[in-house]
Amino acid sequence: MALNFVLMLGPVFLFVLLAFLLVRSWGWPKAMEEIPGNLGWPVIGETLSFISEFSSPAGICSFMINRQKRFGKVFKTSVLGRLMVFMTGSDAAKILLTGKDGMVSLNLFYTGKQVLGQSSLLQTNGEAHKRLRRLIGEPLSVDGLRKYFQFINNLAIETLDEWSGRTIFVLDEASTFTLKVIGNMIMSLEPKGEEQEKFRDNFKIISSCFSSLPLNIPGTAFYRGMKARKRMFEMLDLIIAKRRSGEIWQQDFLDSLIMKHNKAGRESDEEKLTDAQLKDNILTLLIAGHDTTTAALTWLIKFLGENPNVLEQLRIEHQQIQEKRKGENLTWADVNNLPYTAKVLSETLRRATILPWYSRKAAQDFEIGGYKIKKGWSVNLDVVSIHHDANVFPEPQKFDPSRFEVPLKPFSFLGFGSGPRMCPGINLAKLEISVFIHHLVCKYRWTSLEEGNDSVQPTLVRMPKNKYPVKVEPL
């Protein structure tokens, strides 16, 4: 009976969706005629091509590159009923990422908005965004992260001990590691146990639906994701209730926000977050802090395996720490003094370009690159082209950390974004990766089981499609 209902509901939903897109297409502004490009077929635009190329070996990059070859570095298109203008270059990056005079706001797809919730840091603007970022950013500062250092260090050692002598998929292992770190930081989740398993299962379902089609009916990825979100929030409700009652007290991210709420004066709401705001932003930090760091760590290990000279130089930097410590453990001071490791991470983020584009929505009419942009249009910054500009990065396909030995032109490198929406977890990502890489290169060697495969998964965050399988052995 349920299956018959779904089969009946599907065509009705598609009809309503097509009708909505058709009505919307009638309102497409003529001002777009000045911008080169193709809006595609009536109603569906270039959606089919977008989905097809999204699943290609190069991912969404191929969609942008193919149109740049035809129309230049600025082009228009229409995808999923949304008017889109793509552009690139450091000048465009400065305007779109700094958001001067409130010209633009973050522009998430419908599914992303529903998954994250209305109170999410990624959905707020102006003073509300500044306030949320200040409250959330304090525990993620360099000083705030110090108390989690030993946990991250021990977890990295335990994780790598299980790699020795095995064939593993680096992406899967990196995902588990980063999720355990962020789960412990936010709500003191233990690395193992039933609660950790439930948390991880729900999170994976939520993460996989973030860029799915907006079909909230049984059997779809979006439906499963929203159900998992509900289960995750029920779990958080129990934890928050116990913290507020004083039944449990932990020195973690959640407690820091709850303590601020309790200490705030009755007449001031500046430090107060509702439970809905807490949950939306915990989920936001989980998604933002997990996917990008997982991808960065995986690509970094892959690039090291493909570039033995870089690996050897990196290994020397970390072995010098070991020699200085005479067998004692890595310290907080050590991990904050790794200049070559920092260059390797930057080159990884440049070469892989984990977030291939940043999407913004015009909050007012403005002009950029000689083109007039109207309020409400989606304006997308092509980061891949910026990171592979041969004028800034000669031989852009080459993995060369020495590029970062000299200052770069502003807005030519956007590994962690820039401006008021720069990644709030930048310090956490650097800490996790630096600690993990230290123990990996000092104790192990690895051999890739699939050489030369650069295909990416059909996700918004670029990750190796083959998950980078390797055989790991002790040095």
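The points below go through the fold of this predicted model, from the chain as a whole to its two sheets, one helix pair and one buried leucine.

1. Overall composition. The protein chain contains 18 helices and ten strands, and buried residues account for 51% of its 475 residues. Of the contacts between residues at least 6 apart in sequence, 73% join residues at least 24 apart. The accessible surface amounts to about 22500 Å², and carbon and sulfur atoms contribute 55% of that area.

2. The five-stranded sheet. Five strands, in the order S1-S2-S8-S5-S3, make up an open sheet whose pairing is mixed. The edges are occupied by S1 and by strand S3 (104-106), each with a single partner strand, so one side of each has no neighbour in the sheet. Averaged over the sheet and with direction ignored, neighbouring strands are turned by 35° against each other.

3. The hairpin of S1 and S2. Strand S1 (residues 75-79) is joined to strand S2 (residues 82-87) by five bridges, and the two run antiparallel. Within this pairing Ser78 stands opposite Leu83, while Val79 has Arg82 as its bridge partner. Two residues lie between the strands of the hairpin, where Leu80 takes a positive phi near 50°.

4. Burial in the hairpin strands. In a regular strand the side chains alternate between the two faces of the sheet. For S1, Phe75, Thr77 and Val79 lie on one side and Lys76 and Ser78 on the other, and all of these are buried, so that both faces of the strand are covered. In S2, six of six residues are buried: Arg82, Met84 and Phe86 point one way, and Leu83, Val85 and Met87 point the other way. A reviewer may wish to note that the buried residues include Lys76 in S1 and Arg82 in S2.

5. The remaining pairings of this sheet. Four bridges connect S2 with strand S8 (residues 378-382), and this pair is parallel; here the bridge partner of Met84 is Ser378. At the other edge, S3 is joined to strand S5 (residues 357-362) by three bridges in an antiparallel arrangement, with Val104 paired to Ala362. Helix H4 (residues 90-98) packs on the sheet and touches S2, S3, S5 and S8, its direction making about 130° with that of S8.

6. The three-stranded sheet. A further open sheet has the strand order S4-S10-S9 and antiparallel pairing. Its edge strands are S4 (167-169) and S9 (444-448), each of which pairs on one side only, and its neighbouring strands are turned by 40° against each other on average, direction ignored. Between S9 and strand S10 (residues 469-474) there are five bridges, and Trp446 stands opposite Val472 in S10. Helix H9 (residues 170-187) lies across S4 and S10 and runs at about 65° to S4.

7. The packing of H13 against H16. Helix H13 (residues 275-306) packs with helix H16 (residues 339-352) at an angle of about 100°, their axes being 9 Å apart; the two helices are therefore roughly perpendicular to each other. H13 contributes Ala296, Trp299, Leu300, Phe303 and Leu304 to this contact, and H16 contributes Val344, Leu345, Thr348, Leu349, Arg351 and Ala352. Sorted by character, the residues of the contact divide into nine nonpolar, one polar and one charged.

8. The surroundings of Leu254. This residue belongs to helix H12 (residues 253-263). Leu254 has a relative accessible area of 0% and is therefore buried, the cut-off for that term being under 20%. Beyond its neighbours within four places in sequence, Leu254 is in contact with Ile186, Ile239, Ile240, Arg243, Leu278 and Ile282. Of these partners, Ile186 is 68 residues away in sequence, yet the C-alpha atoms of Leu254 and Ile186 are 5.6 Å apart in space.

Methods:
Residues are numbered from 1 along each chain as its sequence is written. This is a predicted model: local features need pLDDT of at least 70, side-chain atom pairs count only at pLDDT 80 or more; totals for chains, interfaces and linings use all residues. Side-chain values use heavy atoms; hydrogens and water are left out. Axes are lines fitted to C-alpha atoms, for helices over the stretch in contact, and angles run from 0 to 180 degrees between N-to-C directions. Angles under 35 degrees count as roughly parallel, over 145 as roughly antiparallel, 65 to 115 as roughly perpendicular and the rest as oblique. Contact means heavy atoms within 4.5 Å. Ala, Val, Leu, Ile, Met, Phe, Trp, Tyr, Cys and Pro count as nonpolar, Asp, Glu, Lys and Arg as charged, and the others, Gly among them, as polar. Two strands pair if DSSP finds at least two bridges between them. Buried means under 20% relative accessible area, exposed over 50%, partly exposed in between (1.4 Å probe, protein chains only). Accessible areas come from the Shrake-Rupley method with a 1.4 Å probe; for residues, only the protein chains shown count as cover.
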